[in-house]
Amino acid sequence: MRAAVYIRVSTDDQVKHGYSLAEQREACCSRARILGAQEVTVFSDEGISGSTLERPGLNEMREAAREGRFQLLVVRDADRLSRKLAHQLLITDELEKCGIKLEFLDFDWKDTPEGRLFYSIRGAIAEYEREKIRDRMGRGKEQKARQGGIPINFDVFGYQYDPETGKVSYLEHEKKVVVDIFNWFTSEDIGANGIAKRLNENGIPTRRRAGRWHRQVVKQILANTVYIGLWRFKDMLIKVPPIIDENTFYRAQEKLREVRRLYAGKQKHGYLLSGLITCADCGNTMTGAYARWWGKRERRYTCNKTCQGYKNEGCRPAKYILADVIEEAVWGQIQAWLIDPDRLAREAMGQIIGQSDPREQIMVINKHLADIEKGQEALIDVIAKGYLDHIDSIKKKLTELKRRKEKLEKRKEELLLACRQREELFAKIDEIREISESILRRLDDLAFTEKRSLVRALVKQVIVSGRGVPGGNGLRFINVTVLAKIPEQRISS
Ligand SMILES: [Zn+2]
């Protein structure tokens, strides 16, 4: 049998009564052994009042109880568990539900008047009252969180939590893994599954030492705002030290969304535009549906969601559009782009290409900055030469110059970023031009999967409004807009 011992002294106990932890520990442990325990774990709280339930030792003991790590608990008296009767009832009830036998040291508790009272009250306490106590305990954690503290159950990969101080800090070796996961995901052609595999191959331990990495865990890490410093607890966001910069994080979110959208659609029956079509009338994603029409099987897309769990059921009456019709329209658009790649570039990247060349603006800013520096030097010179009559106005002027300089430097940084993006885009256009030439030559011979990856490389979204005619064959009643994939713009303001 495994036993646990819980000991506690408040500062008062020590001062007034000379009680010590060592004494309690010894007495409780020897009682546990007399009762047949082979293994005794000691949980202790020193100098902590018994009026609060937020005690590290107590929390650990209750956690161990829930995990079934011991079968007998020895404490000197019920007061060690809590000063408050309600809390004593709660804890003892909780322990007994875990199948743990309670042993109070000082006397045979059940045979004393207090003991009998204790047990009879406990038997009588209504479930809703216990709920109220639990509620208050939950609120205690919430309260702590609202005050900017971290509740006890902060258990997040990459961080460690100190229950003594309530402080969260990095766990360096895990932090490094988080950084790797985000970098791989945002800069390589790798998914959550590939990352999990790589982590396992590299022998990177999970938080639960024995476990292996699973793509779901990787996805959870990639989607957790805790890594940009915002930990979600109930309805609150609590600040913690960030691990990932926001740009990287939002790039990861974009990729996660894209993956979700692409695989949301059904893969059966070869739907070229699975997950890419949005119904302009109801906002749903349109997915492939294989349906019978006048005895004939037809491939269609629909915004109608018949299965459980969708908030938006889609258009009423249900809207179906022939797959061939819309796929032909989109394919036609892609061919047009490939024949004229500059047009694709214009459509996809028009916003950035259209802007004036940031390099010119940078040159102007550089000139302003040089002027400001000259001005600063001149003013400092005046002070150095001892012309102190106008010292206040000079200081004011210097502050003003400093502010202007900072503003310009910030703008310059933004422009430099825009510059880099522009260059990347031009490189990308060249790349598309090359690819399109080689694809055009064999466009009609492409296999379905090749076609689909081409569609996914070039098309960001297809928006459809209006209704097709069931069994009809034209585009007369629907309106198709094909949006080219726009490389992400991240010019911050
Ligand atoms: Zn719809």
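Which residues coordinate the zinc ion? Four cysteines do: Cys279, Cys282, Cys303 and Cys315, each through its SG atom. This is a predicted model, and the report starts at the metal.

## The zinc site

The SG atoms sit at 2.2 to 2.4 Å from the zinc ion. The angles among the four donor atoms run from 103 to 116°, and the site is tetrahedral. In sequence, the donor residues follow the spacing C-x2-C-x20-C-x11-C. Cys279 and Cys315 link distant parts of the chain, 36 residues apart. Cys279 belongs to strand E9 (residues 277–279). Cys315 lies in the loop between strand E11 (296–302) and strand E12 (320–322). Both of these cysteines are buried.

The loop between E11 and E12 also holds Pro317. The peptide bond from Arg316 to Pro317 is cis. Its omega is near -10°.

## The whole protein

The protein has 493 residues, and 39% of them are buried. It contains 16 helices and 14 strands. Consider the contacts between residues at least 6 apart in sequence. Of these, 64% join residues at least 24 apart.

The protein exposes about 28700 Å². Carbon and sulfur atoms supply 51% of that area.

## Two nonpolar cores

In soluble globular proteins, nonpolar side chains tend to be buried together. Here, the largest nonpolar core has 33 residues. Which of them touch the most other members? They are Phe154, Tyr159, Ile181, Phe182, Trp213, Val218 and Tyr227. Several elements each supply at least two residues of this core, including strand E5 (159–162), helix H8 (172–187), helix H9 (192–201) and helix H10 (215–223). Strand E7 (230–233) and helix H11 (246–264) do so too. H8 gives the largest share, six residues.

Take Ile181 as an example. Leaving aside neighbours within four places in sequence, Ile181 is in contact with Ile195, Leu199, Trp213, Val218, Ile221 and Leu222. Apart from this core lies another, of 31 residues. Among its members are Ile277, Val325, Leu338 and Ala484.

## Two strands, two patterns

In a regular strand the side chains alternate between the two faces of the sheet. Strand E5 shows one pattern. Tyr159 and Tyr161 point to one face and are buried. Gln160 and Asp162 point to the other face and are not buried. E5 runs antiparallel to strand E6 (residues 167–170), joined by four bridges. In E6, Ser169 stands opposite Gln160.

Strand E3 (residues 72–75) is covered on both faces. Leu72 and Val74 lie on one side, Leu73 and Val75 on the other, and all four are buried. E3 runs parallel to strand E1 (residues 2–9), with three bridges between them. E3 also pairs in the parallel sense with strand E4 (residues 101–104), over four bridges. Leu73 takes part in both pairings: it is the bridge partner of Ala4, and Leu102 is its bridge partner in E4.

## Three single residues

Is Ser10 buried or exposed? Ser10 counts as buried because its relative accessibility is 9%, and the cut-off for buried is under 20%. Ser10 lies in the loop between E1 and helix H1 (11–17). Not counting residues up to four places away in sequence, Ser10 touches Gly47, Ile48 and Ser49. Ser10 and Gly50 are 40 residues apart in sequence, yet their C-alpha atoms are 7.2 Å apart.

Arg198 is in helix H9. Arg198 is partly exposed because its relative accessible area is 24%, and partly exposed covers the range between 20% and 50%. Leaving aside neighbours within four places in sequence, Arg198 is in contact with Trp184, Glu188 and Ile190. From C-alpha to C-alpha, Arg198 and Trp213 are 9.0 Å apart, with their positions 15 residues apart in sequence numbering.

Thr52 sits in the loop between strand E2 (39–46) and helix H3 (56–66). Thr52 counts as partly exposed, at 30% relative accessibility. Thr52 and Leu81 are 29 residues apart along the chain, and 9.9 Å separates their C-alpha atoms.

Note on methods: Residues are numbered from 1 along each chain as its sequence is written. This is a predicted model: local features need pLDDT of at least 70, side-chain atom pairs count only at pLDDT 80 or more; totals for chains, interfaces and linings use all residues. Side-chain values use heavy atoms; hydrogens and water are left out. Donors are N, O and S atoms within 2.8 Å of the metal (3.2 Å for Na, K and Ca); water is not among the atoms, so sites may look incomplete. Four donors count as tetrahedral if all angles lie between 85 and 135 degrees; four count as square planar and six as octahedral if opposite donors are over 155 degrees apart and all others between 65 and 115; anything else is irregular. Buried means under 20% relative accessible area, exposed over 50%, partly exposed in between (1.4 Å probe, protein chains only). Contact means heavy atoms within 4.5 Å. Accessible areas come from the Shrake-Rupley method with a 1.4 Å probe; for residues, only the protein chains shown count as cover. A nonpolar core is a set of buried Ala, Val, Leu, Ile, Met, Phe, Trp, Tyr and Cys residues joined through side-chain atoms within 4.5 Å. Two strands pair if DSSP finds at least two bridges between them.
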